[in-house]
Amino acid sequence: QVQLVESGGGLVQTGGSLRLSCAASARFFDMYAMGWFRQAPGKEREFVAGISGSGSSTKYEDSVKGRFTISRDNAKNTVVLQMNSLKPEDTAVYYCAAVWSSNYYYSTSRMSEYNYWGQGTQVTVSS
C-alpha cells in the first residue's frame, strides 16, 4: 500500500509561483512512476505532469509546458511540482498519483494507469 500526501497549495496572484510537494510512503519508491493531476470545479480531472522512476523521463500537459516542472528525490521519497507564471485557469485541486512500473524509465499521462492517489491540495490563482 502506498500513501501519498500533498502539500504546498495556497492562494497566489497571477504570475506568481507555488511549489507542490508529494511525500510517498512506499518501499522501492524509485520503481513508481509519479504524476500530478488537477481538477477544477465542474470539470473532469486532467493530467498535468508525469515523471519516471528514474526521473529522466517527464511528460507535461500542453498548457503547462514551459511554466511547470516536475522533479523527484528518490532518497527522500518525494516528488515536486514547481509552478511558475501561474494563471487563473490553473486554479484547481492538485492530486499526486503513483503507479508501479517495472520499467525504470516509464512515465505516463493516462489517469487510468495510476492506482494510488493523494487527497489533493487546493491551488487558487487570483486575477
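Strands are here taken as DSSP runs of E spanning at least two residues, and helices as runs of H or I spanning at least four, both numbered from the N terminus. On this basis the protein chain, which is a predicted model, follows the pattern β-β-β-β-β-β-β-β-β-β-β when read along the sequence, and its secondary structure comes to zero helices and 11 strands. The radius of gyration of the chain is 13 Å, close to the 14 Å that the globule rule gives for 127 residues, so the chain is as compact as a globular protein of that length. Along the principal axes, the C-alpha atoms fill a box of roughly 45 × 25 × 25 Å.

Of the 127 residues in the protein chain, 42% are buried. Among contacts with a separation of 6 or more, 62% are made by residues 24 or more positions apart. The chain exposes about 6500 Å², and carbon and sulfur atoms supply 46% of that area. With regard to charge, the chain carries 12 positive and 10 negative charges, the mean positions of which are 3 Å apart.

Strand β9 (residues 92–100) was examined next. Seven of the nine residues of β9 are buried, so this strand is largely enclosed by the rest of the structure. Strand β4 (residues 32–39) pairs with β9 in the antiparallel sense over eight bridges, and within this pairing glutamine 39 has valine 93 of β9 as its bridge partner. An antiparallel pairing also links β9 to strand β11 (residues 121–126), in this case through three bridges; here tyrosine 94 stands opposite threonine 121 of β11, while alanine 92 stands opposite valine 123 of β11. In addition, β9 and strand β10 (residues 116–117) are paired in the antiparallel sense over two bridges, with tryptophan 117 of β10 as the bridge partner of alanine 97.

Strand β11 takes part in a further pairing, since four bridges join it to strand β2 (residues 10–13), and these two strands run parallel. In this arrangement glycine 10 stands opposite valine 123 of β11, the residue that also stands opposite alanine 92. In a regular strand the side chains alternate between the two faces of the sheet. Such an alternation is found along β11, where Thr121, Val123 and Val125 point to one face and are buried, whereas Gln122, Thr124 and Ser126 point to the other face and are not buried.

Tyrosine 32, which lies in strand β4, was considered as an individual position. The relative accessible area of tyrosine 32 is 10%, and the residue is therefore buried, the cut-off for this class being under 20%. When neighbours within four places in sequence are left aside, tyrosine 32 is in contact with Val2, Ala26, Arg27, Ser52, Gly53, Arg72, Ala98, Val99, Trp100 and Tyr116. Among these partners, Ala98, Val99 and Trp100 fall within the residue range of β9, 92–100, and Tyr116 falls within that of β10, 116–117. Although tyrosine 32 and asparagine 74 are 42 residues apart along the chain, their C-alpha atoms are separated by 9.9 Å.

Terms used
Residues numbered from 1 in each chain as written. Predicted model: local features only at pLDDT ≥ 70, side-chain atom pairs only at ≥ 80, totals over all residues. Heavy atoms only, no water. Buried < 20%, exposed > 50% of the residue type's maximum accessible area, 1.4 Å probe, protein only. Pairing = 2+ DSSP bridges. Contact = heavy atoms within 4.5 Å. Rg over C-alpha atoms; globule rule 2.2 N^0.38 Å. Areas by Shrake-Rupley, 256 points an atom, 1.4 Å probe, with all protein chains shown as cover. Lys, Arg positive; Asp, Glu negative; His and termini not counted. Charge placed at Lys NZ, Arg CZ, Asp CG, Glu CD.
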